[in-house]
Amino acid sequence: MFQSVVQVDAFTDKPFSGNPAAVCVMEGPADEGWMQTVAREMNLSETAFLYPDDQGYHLRWFTPKVEVNLCGHATLASAHVLFESELIPEGKSIHFKTRSGLLTARRDGEFIELDFPATHVEESSIPPGLTQLLGVRPKFVGRSAFDYLVEVESEAIVRALKPDFSELSKLPVRGLCVTAFDFSKQYDFVSRFFAPAAGVNEDPVTGSAHCALAPYWAKYLKRNEFLAYQASPRGGEVRLRLEGDRVILGGRAITVMRGELTSDRVPEIEAPKTPESQL
């Protein structure tokens, strides 16, 4: 039996925009090296691998280079595949067991809502060379558990950024998120996300980065609901709601390709036991 692969564009309702992810729904757990090799072959910012158990699905995410602890768009893509293939009954939520704990997804009309942990940002000093790397003086620099977050003066600056990816990859973090208030009022704020150290120079739409952006902008805008835009060349919208220490990420998704891996069968391994704290 060969492994099916579905490619989904996430955080968009238009093909060839948003953030593409490959999704492999497997019968059981697979060898980590095999999953990394498949992700490298797919050559997308993330490939998701999931398999069911009695309480939901185990879910892991790989870039072409490394496994990551949290990924929003590939989770949205995974939920879209499960809903579209009717593996999840209408009106039911999906429970994903991940390296970041339990994540849930549910339908809300044409949107899928993801329940993710909020990521808080602490103000930090400007890392050496960051101003030169970006070509602009930041208004704010902070650091979360995963990334640096930088606020700049305007949306135009965010869109015009051309960072040095080689130098950026030397920062001691997963990536760099740059954001600005949207004075046009079409969106509440805009952002871009760069992660060359993880094998992704620029991520088209980054759900996990918005887990830090939502609490960051909530402090300044004095509210908990936002419509955000990630201004990569592909671009994508993210609907956000901050609920305590959780962020509800809303987005649409569309399937653009279906296929199967024909070169090898999935090398199965014994299912790991999930810690009770993540159930």
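**Exercise 1. The second largest cavity**

Task: In this predicted model, find which residues line the second largest cavity, and work out how they divide into nonpolar, polar and charged.

Solution.
- Step 1: Pick out the lining, which is made up of T119, S144, F146, D147, Y148, L149, R174, C177, S208, A209 and A212.
- Step 2: Sort these residues by character, and you get 6 nonpolar, 3 polar and 2 charged.
- Step 3: Look for the elements behind the lining; strand 11 (147-151) and helix 6 each provide at least two of its residues.
- Step 4: Add the volume, about 50 Å³.

**Exercise 2. The largest cavity**

Task: Now turn to the largest cavity: what is its volume, and which residues lie nearest its centre?

Solution.
- Step 1: Begin with the set of cavities; the structure has 3 of 30 Å³ or more.
- Step 2: The volume of the largest one comes to about 120 Å³.
- Step 3: Its lining takes in 17 residues, and those nearest the centre are E46, R174, F193, D203 and T206.
- Step 4: Two or more lining residues come from each of helix 2 (72-84), strand 13 (189-195), strand 14 (200-203) and helix 6.
- Step 5: By character, the lining of the largest cavity splits into 8 nonpolar, 6 polar and 3 charged residues.
- Step 6: Compare your two lists: R174 belongs to the lining of the largest cavity and also to that of the second largest.

**Exercise 3. The nonpolar cores**

Task: Which members of the largest nonpolar core touch the most other members, and which helix gives the most to this core?

Solution.
- Step 1: The core has 56 residues, and W61, I94, F96, L240, V247 and L249 touch the most fellow members.
- Step 2: Helix 6 (residues 207-221) is the biggest contributor, with 8 residues.
- Step 3: Zoom in on L240; beyond its neighbours within four places in sequence, its contacts include F189, H210, A214, V247 and L249.
- Step 4: Keep a second core apart from this one: it has 21 residues, among them Y148, L161, V178 and V190.

**Exercise 4. A proline in a loop**

Task: Locate P127 and decide whether it is buried or exposed.

Solution.
- Step 1: P127 sits in the loop that joins strand 9 (122-123) to helix 3 (130-134).
- Step 2: The relative accessible area of P127 is 8%, so it is buried, the cut-off being under 20%.
- Step 3: Setting aside residues up to four places away in sequence, P127 touches V141, Y148 and L171.
- Step 4: Tie this to the earlier exercises: Y148 is a member of the second core and part of the lining of the second largest cavity.

**Exercise 5. Two positive phi angles**

Task: What are the phi values of N43 and K185, and where do these residues lie?

Solution.
- Step 1: Recall the background: most residues other than glycine have a negative phi.
- Step 2: N43 has a positive phi of about 55°, and that of K185 is near 70°.
- Step 3: N43 is in the loop between helix 1 (32-42) and strand 3 (46-53), while K185 is in the loop between strand 12 (175-181) and strand 13.
- Step 4: N43 is exposed, at 58% relative accessible area, and K185 is exposed too, at 60%.

**Exercise 6. Confidence**

Task: Where does the pLDDT fall below 50?

Solution.
- Step 1: Start with the chain, which averages a pLDDT of 93, with 94% of the residues scoring at least 70.
- Step 2: The stretch with pLDDT below 50 is residues 274-279, which has 11 contacts in the model beyond near neighbours in sequence.

Notes:
Residues are numbered from 1 along each chain as its sequence is written. This is a predicted model: local features need pLDDT of at least 70, side-chain atom pairs count only at pLDDT 80 or more; totals for chains, interfaces and linings use all residues. Side-chain values use heavy atoms; hydrogens and water are left out. A nonpolar core is a set of buried Ala, Val, Leu, Ile, Met, Phe, Trp, Tyr and Cys residues joined through side-chain atoms within 4.5 Å. Buried means under 20% relative accessible area, exposed over 50%, partly exposed in between (1.4 Å probe, protein chains only). Helices (H or I, at least four residues) and strands (E, at least two) are DSSP runs, numbered from the N terminus. Contact means heavy atoms within 4.5 Å. pLDDT is the predictor's confidence in each residue, from 0 to 100. On a 1 Å grid over the protein atoms alone, a cavity is a set of points where a 1.4 Å probe fits but cannot get out, and a pocket is an open set with protein on both sides within 12 Å along at least five of seven lines; lining residues have an atom within 4 Å of a point. Grid points are joined across faces, edges and corners, and a volume is the space filled by probe spheres set on the points. Ala, Val, Leu, Ile, Met, Phe, Trp, Tyr, Cys and Pro count as nonpolar, Asp, Glu, Lys and Arg as charged, and the others, Gly among them, as polar.
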